[in-house]
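Biologist: I am new to this structure and would like a close look at one part of it, the aromatic rings and the nonpolar core around them. Could you take me through that part step by step?

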Amino acid sequence: MNAMHRRLCRSDRWAERMHGQVMPWALEGLDLGGDVLEIGPGYGVTTRWLVERAGALTAVEVDPKLATDLDRAMEGRVDVHTADGARLPFRDASFDVVVCFTVLHHVPSPAQQDRVFAEAARVLRPGGVFAGSDSVRSLRFRLLHVGDTMVVVDPATMPDRLHDAGFLDASADAGERSFRFRAGR
């Protein structure tokens with residue numbers, strides 16, 4: 001991520017938007033009381049919200065420094081792993097819920113994104129749910145990602161891609177700046 005992007009993702013303003021708007025909208029009505037896996041927590045803004053609501057929270061972060069910093073900040077309240085979301089280090093059917101927020105556009109290709117979806121399906125228990133959100137394409141979004149990986153997911157194609165990854169039912173709704181998705185196993 002570029003310097004501007006890193007600053008935004010650690011900011012109080014970003015945390016307020018995620019905690020007050022995006023996460024409640026994306027997870028509306030979802031029971032987080034069981035075993036929850038978060039893919040791509042980054043600086044931990046979303047993790048801080050989830051840890052107060054999840055039964056048992058595990059996080060997978062590909063960046064070793066971010067994973068170490070998150071583990072230290074969470075003081076044992078979250079089981080943090082350094083790993084790639086496209087190669088999760090967990091047994092099949094390990095989690096009740098898998099979530100990710102504003103991560104998918106950082107995955108370097110649609111094929112790699114599809115591997116993340118397939119891994120989310122693999123580690124979910126029968127009846128489990130994969131849910132989250134990402135940003136929709138805009139000029140502002142593009143400018144924020146100058147020099148960054150930015151592979152925008154089209155919300156219109158998301159349900160079919162999730163079905164292809166092994167989910168039984170899937171949906172995506174676009175808002176003004178973000179879209180949310182949900183898929184069941």
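Modeller: Phe 130 and Phe 167 are both buried in this model, which is a predicted one. The centres of their two rings lie 5.6 Å apart and the planes meet at 15 degrees, and because planes under 30 degrees apart count as stacked, this pair is a stacked one. Phe 130 belongs to strand 5 (residues 124–135), whereas Phe 167 sits in the loop between helix 7 (158–164) and strand 6 (169–174), so the pair ties together parts that are 37 residues apart in sequence. These two rings also belong to one aromatic cluster, together with Phe 117, Phe 179 and Phe 181.

The structure holds five aromatic pairs, and another of them joins Phe 90 and Phe 95, which are edge-to-face, with 5.1 Å from centre to centre and 85 degrees between the planes. Phe 90 and Phe 95 are both buried as well.

Turning to the core, the largest nonpolar one has 30 residues, and those that touch the most other members are Leu 37, Val 98, Phe 130, Met 158, Leu 162, Phe 167 and Phe 181. Two or more residues come from each of strand 1 (35–39), strand 4 (95–101), helix 5 (110–123), strand 5, helix 7 and strand 7 (178–184), and helix 5 gives the most, with five residues. Leu 37 has contacts that, leaving aside residues up to four places away in sequence, include Phe 90, Phe 95, Val 98 and Val 123. A second, separate core of 27 residues includes Met 23, Trp 49, Leu 57 and Val 80.

Notes. Residues numbered from 1 in each chain as written. Predicted model: local features only at pLDDT ≥ 70, side-chain atom pairs only at ≥ 80, totals over all residues. Heavy atoms only, no water. Phe/Tyr/Trp six-rings, centres within 6.5 Å; stacked < 30°, edge-to-face > 60°. Buried < 20%, exposed > 50% of the residue type's maximum accessible area, 1.4 Å probe, protein only. Helix = DSSP H or I, 4+ residues; strand = E, 2+ residues; numbered from the N terminus. Core = buried A, V, L, I, M, F, W, Y, C linked by side-chain atoms within 4.5 Å. Contact = heavy atoms within 4.5 Å.
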